Each structure stands twice: as C-alpha cells, then as structure tokens.
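Student: Please take a close look at one part of this structure, the bonds and pairings between side chains, and then show what lies around it.

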Amino acid sequence: MNIKSLLLGSAAALAVVSGAQAADAIVAAEPEPVEYVRVCDAYGTGYFYIPGTETCLKIEGYIRFQVNVGEDVGGDSDWDAVTRGQVQFTAKSDTEYGPLTGVIVMQFNADNATDQEAKLDSAYLDIAGFRAGLFYSWWDDGLSGETDDIGSPVTLHNSLRYQYESGDFYAGISVDELEDSPFYDGEEANNVGVAVGLGGKAGAFSYQITAGYDTDNEEGAVRAMGTVEIGPGTLGLAAVYSTNPNAYYNAAEWAIAAEYAIKATDKLKITPGVQYYSDYGVVGSDFGDGDAWKVGLTVDYQIVDNFYAKASVQYLDPEDADDSTTGYFRLQRSF
C-alpha cells in the first residue's frame, strides 16, 4: 500500500506541475505579412513593382574602364586612364493617355582619385509621344563605329519634343535650348534650336534623316544616314551638310562617311570606317577652305554576357593642319 500511495502521489504532483506550465506557456505572435517584390512584365524584362504602388521600376547601368591615347590627351602625357560609373532609373505606369515614363540617368567620371565629376546625364518625362526634360537629340545618333563625325559636339539639351511612332517608323519635332552649344558671331546663351527627325526600318535596311536650325546664328544643317545588312556585316553610309558653323553641325561645310561592321564571330565585330570633309574646320564664323580625311578601325569583343572589350584607333589628316592619331581601349560591364 505504501508503494501504491507513493506512485499515486507522484503522478498527481506531475499533473499539477504540467498544468501550471501549460497555463504559463508563451504563445508566439503571428508574423506580420510580408509584401515581396513583384515582377512587372508589362514593359519588358527587368521591371518590378515599387512596393505599395502600381509603378514599375527598372534599374540598369554600366561600369567602364578606359585608357585614351593621343597627343597630350592626359595633359603632358600621351595617355590617360579614366573610369566611369553610370546608373539609369526608368519608372513606368499606365494612364488614360498611355504609359507615363520617367527616366533619370546619373553619371560619375573619375580621371583619378581627386579629379572626379558627378553629373545628371539625362532626366525627362515621356507620355503620349511628348517628351520634356534633359535628353539627347537625334543629332547624337551616328553609325556603329567610332570613325564617323556627323553630329554636334554637344547633343544633350533641355528640350520639348513630340515624336510619332508607328511600327518601324517614327517622325518628330523638337525645340532645343542650345545654352552650352558652340556659338559664333558673338552670340550668347540662351540660344534656341528647332530640330526634326524621321527614320525607320524596312527589312534589313534602316534609315534616318535629321535637320536642325540654329535660330540665333540663323544657320542650319541636314543629315541622312542608313545601314543595310550585306554579307557577313552591315554597311553604313552617311552624309551631312551645314550652311555655316552652328550648334547642330560645325565640323565642315559637308562630309560623307562610310563603314562596314563585320560580324567575324558571335563575339567579335570588326568595323573599318572612313570619312571625307569638305571645307574642314572653323575660321571665325565661317568654315575653313581645306579638306580633310579620317580613317579608323574599331574592334568589339564580348568576353562573357554583359562584359565586353573595345579598342579603337583613328587617323585624321586635315589639309591645313597637322595630322593626328588617337585611340582608346575599353572594358565595360553592363547590368
């Protein structure tokens, strides 16, 4: 009986302790729901929804290391290494007028540890064919290589533009503030320009016609260029004419350029190019009297996906000035 009583007493004590522990048990709070980033596939790859909104955002950019070569390109040196980092933010959302797009591009350039520059490379809004802000004009476009010189040295402007697009065709008009573009005859900022552009594709052929009128200098320029796939590569041709030096073109009164981009392999492209200038250079507010030739070679090689190397060498021979040879080697990683 004593053993039986002892066993019954021990069981009762354990039951009391277990009940007390159960009563004092801590119940963990339910975790707050987590809103994961959602992929947005309405505007192509790379977009995601900004949490809590219906706005889609894409982040992209590149990192570039480049060594430039040329006479006094680095001050007293004939070579200079530079590094660039660029990031672009593109936001899109649907409206009753179509997609509303906003773009911000920040660029950071470093010649060395102390000589650096951070700048706004583009910032604009776009809706229903209208674009307003800081962006590159059609005159920034060119052939695929580095030899052609058929645009203005300054093509980034505060502008208001309308562009109509239908399939493989576009046409538009732009009003540009030419504040930091070249000026002649003592003209000062703010200069205003009007540019028009149209272009498109037809099978293996692509084309573009661009014109611009500098209102302060009362001069204009027009340019036509096209590319067509021939054999293992793409042939590019361009011609430009300027009434006198102005913000849209001031290298020569007229020029023609040609290149052939050879797709040697899936990763290697070789592009020889040539350009002829008539009445090359600027003397006062007019073009010079001499001609000039430029020949060059550009090589692109894709090392792996989103990582490539580029090398370019150019030789310029003006009639009324010394000839020059320039070039660069570049490594770039895009993301």
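Tutor: A salt bridge is a side-chain nitrogen of Lys or Arg within 4 Å of a carboxyl oxygen of Asp or Glu. Side chains of opposite charge can pair when their charged atoms come close. Keep in mind that the model is predicted.

By that definition, Arg38 and Glu54 form a salt bridge, with N to O at 3.7 Å. Arg38 lies in the loop between helix H1 (2–23) and strand E1 (39–40), and Glu54 in the loop between strand E2 (47–49) and strand E3 (56–69), so the pair ties together parts that are 16 residues apart in sequence. The two partners are not equally covered: Arg38 is partly exposed at a relative accessible area of 39%, whereas Glu54 is exposed at 57%.

The disulfide involves strands E1 and E3. A disulfide is a covalent bond between the sulfur atoms of two cysteines. The structure holds one, and it joins Cys40 to Cys56 with an S to S distance of 2.1 Å. Cys40 is in strand E1 and Cys56 in strand E3, 16 residues apart, and the pair links distant parts of the chain. The torsion about the S-S bond of Cys40 and Cys56 is about 80°, so this disulfide is right-handed. Both cysteines are buried: the relative accessibility of Cys40 is 1%, and that of Cys56 is 2%.

Now return to the salt bridges, of which the structure holds four. Another one joins Asp126 and Arg131, whose closest N and O atoms are 2.8 Å apart. Asp126 has a relative accessible area of 17% and is buried. Arg131 is buried as well, at 18%. Buried here means under 20% relative accessible area.

Lys310 and Asp300 make a further salt bridge, at 2.6 Å from N to O. Lys310 lies in strand E19 (residues 307–318) and Asp300 in strand E18 (residues 292–304), so the pair ties together parts that are 10 residues apart in sequence. Lys310 is buried, with a relative accessible area of 8%, and Asp300 counts as buried at 12%. Salt bridges that share partners also bring in Glu146, which joins Asp300 and Lys310 in one network.

Glu146 leads on to the largest pocket. Among the 26 residues that line this pocket, Asp140, Glu146, Asp148, Ser152 and Thr155 lie nearest its centre. The volume of the pocket is about 890 Å³. Its lining consists of seven nonpolar, eight polar and 11 charged residues. Strand E3, which holds Cys56, is one of the strands that supply at least two residues of the lining. Strand E4 (79–95) and strand E6 (116–127) do so too.

Nonpolar side chains gather elsewhere in the description. The largest nonpolar core has 21 residues, and those with the most contacts inside it are Trp139, Ile150, Val240, Tyr248, Tyr249 and Tyr277. Strand E12 (219–230), strand E13 (233–242) and strand E14 (252–263) each supply at least two residues of this core. E14 gives the most, with three residues.

Definitions and conventions. Residues are numbered from 1 along each chain as its sequence is written. This is a predicted model: local features need pLDDT of at least 70, side-chain atom pairs count only at pLDDT 80 or more; totals for chains, interfaces and linings use all residues. Side-chain values use heavy atoms; hydrogens and water are left out. Helices (H or I, at least four residues) and strands (E, at least two) are DSSP runs, numbered from the N terminus. Buried means under 20% relative accessible area, exposed over 50%, partly exposed in between (1.4 Å probe, protein chains only). A disulfide is a pair of cysteine sulfur atoms within 2.5 Å. A nonpolar core is a set of buried Ala, Val, Leu, Ile, Met, Phe, Trp, Tyr and Cys residues joined through side-chain atoms within 4.5 Å. On a 1 Å grid over the protein atoms alone, a cavity is a set of points where a 1.4 Å probe fits but cannot get out, and a pocket is an open set with protein on both sides within 12 Å along at least five of seven lines; lining residues have an atom within 4 Å of a point. Grid points are joined across faces, edges and corners, and a volume is the space filled by probe spheres set on the points. Ala, Val, Leu, Ile, Met, Phe, Trp, Tyr, Cys and Pro count as nonpolar, Asp, Glu, Lys and Arg as charged, and the others, Gly among them, as polar.
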